[in-house]
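Visitor: I'd like a close look at one helix here, from its end back to what it packs into. Could you walk me through that part?

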Amino acid sequence: MRLIRDEMGKRERRYSKTKERRQEKAMTGEEALKSRLVEIGRRIDALGLTIGAGGNISARRGEAMFIKRKGAHLGSAGARDYVKVDILSGRCSSRRFEPSSESYFHLACYGKRKDIGAVIHTHPVFINALGISDIPLERLTYESLVSIGTSVARIAYIRPGTRRLASSVEKAVRDHNAIILKNHGLIAVGADPGEAMARTMAAERAALSYVCAKVMGRTSFIPGKEVLHFICSAGE
Ligand SMILES: [Zn+2]
C-alpha cells in the first residue's frame, strides 16, 4: 500500500513539474515575442515612420495576437504595453488597457491568411506622398519586388479605426503583402515581425527613390517582361 502511495506521489510530482515547465516555456515564448515587438516599435520610431501614438504593430501567437495598446507610443512602449487579443472573438485579455483602435484590421489580416505572423502599420512620409498623388508603388525597384512581391495594393481613404477600413484591408491582403492606405499610411504583413518590418522599409525606400527621381525629372519602371521572369522564377 505504502509503495503504491509513494509511486503515485512521484507521478503527481513529475506531472506538476512537467506542467510547470510547459507554463514556463509558454510564458518565455510570449515574453520573447513581446520583446521583439518592443524592439521593432523602437526602430519604427527612430526611423521616423510614425510620430507620437501613431502606428501600431502586432504579432500572432497561436490563436491570439499581441498588439500595442491604445495610446502607447511605439518609441517608448515596453512589454506591458502589448496586450493579448483573441483572434476569433476579438476579446482583449487585459483589464487595464484597451488594444489599439486599429485592432480590427490586424484581426482581419490574421483571419484572412494563416501565413501572416505579424502586421505593421506605419505613416511613412514617402509612401504617403505616393498615396496622396495616387501613384502606384510597383515595378519601382528590384529590392521592393523581391521583398514585397509584384504589386502593392491601394485603398481609398477610409476613416481609421473603423470596421469599414478593416473590411477593405481584408480584401486587399488576400493577394498583397503591403497595402497603401491613401492619405494615411502603410500596412505591411509578414511571417514574423522582422519580415513585416523589412517590407515596410522596402516600400518606403522604393517610394523615396521614386520621389527623388521625380524631382530630378525622369522616372522609369522595371520592364513588364522582367517582372514576368521574376514571377516565373520565384521559388526556384
Ligand atoms: Zn494609422
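Guide: Right after helix H6 comes Gly217, with a positive phi near 110°. Helices here are DSSP runs of H or I of at least four residues, strands are E runs of at least two, and both are numbered from the N terminus. Bear in mind that this is a predicted model: local features need pLDDT of at least 70, side-chain atom pairs count only at pLDDT 80 or more, and totals for chains, interfaces and linings use all residues. Residues are numbered from 1 along each chain as its sequence is written.

Now for the length of H6: its 24 residues should span 34 Å at 1.5 Å a residue (the expected span being 1.5 Å times one less than the number of residues), and its end C-alpha atoms are 35 Å apart, which agrees.

Along H6, the buried residues include Pro193, Ala196, Met197, Ala203 and Tyr210. Buried means 20 or more other C-beta atoms within 10 Å of a residue's own, exposed means 12 or fewer, and partly exposed is in between, with C-beta atoms placed from the backbone.

That leads to the largest nonpolar core, which has 54 residues; Ala203 is among those that touch the most other members, as are Val119 and Ile187. H6 (residues 193-216) gives the most to this core, eight residues. Such a core is a set of buried Ala, Val, Leu, Ile, Met, Phe, Trp, Tyr and Cys residues joined through C-beta atoms within 7 Å. In general, nonpolar side chains tend to be buried together in soluble globular proteins.
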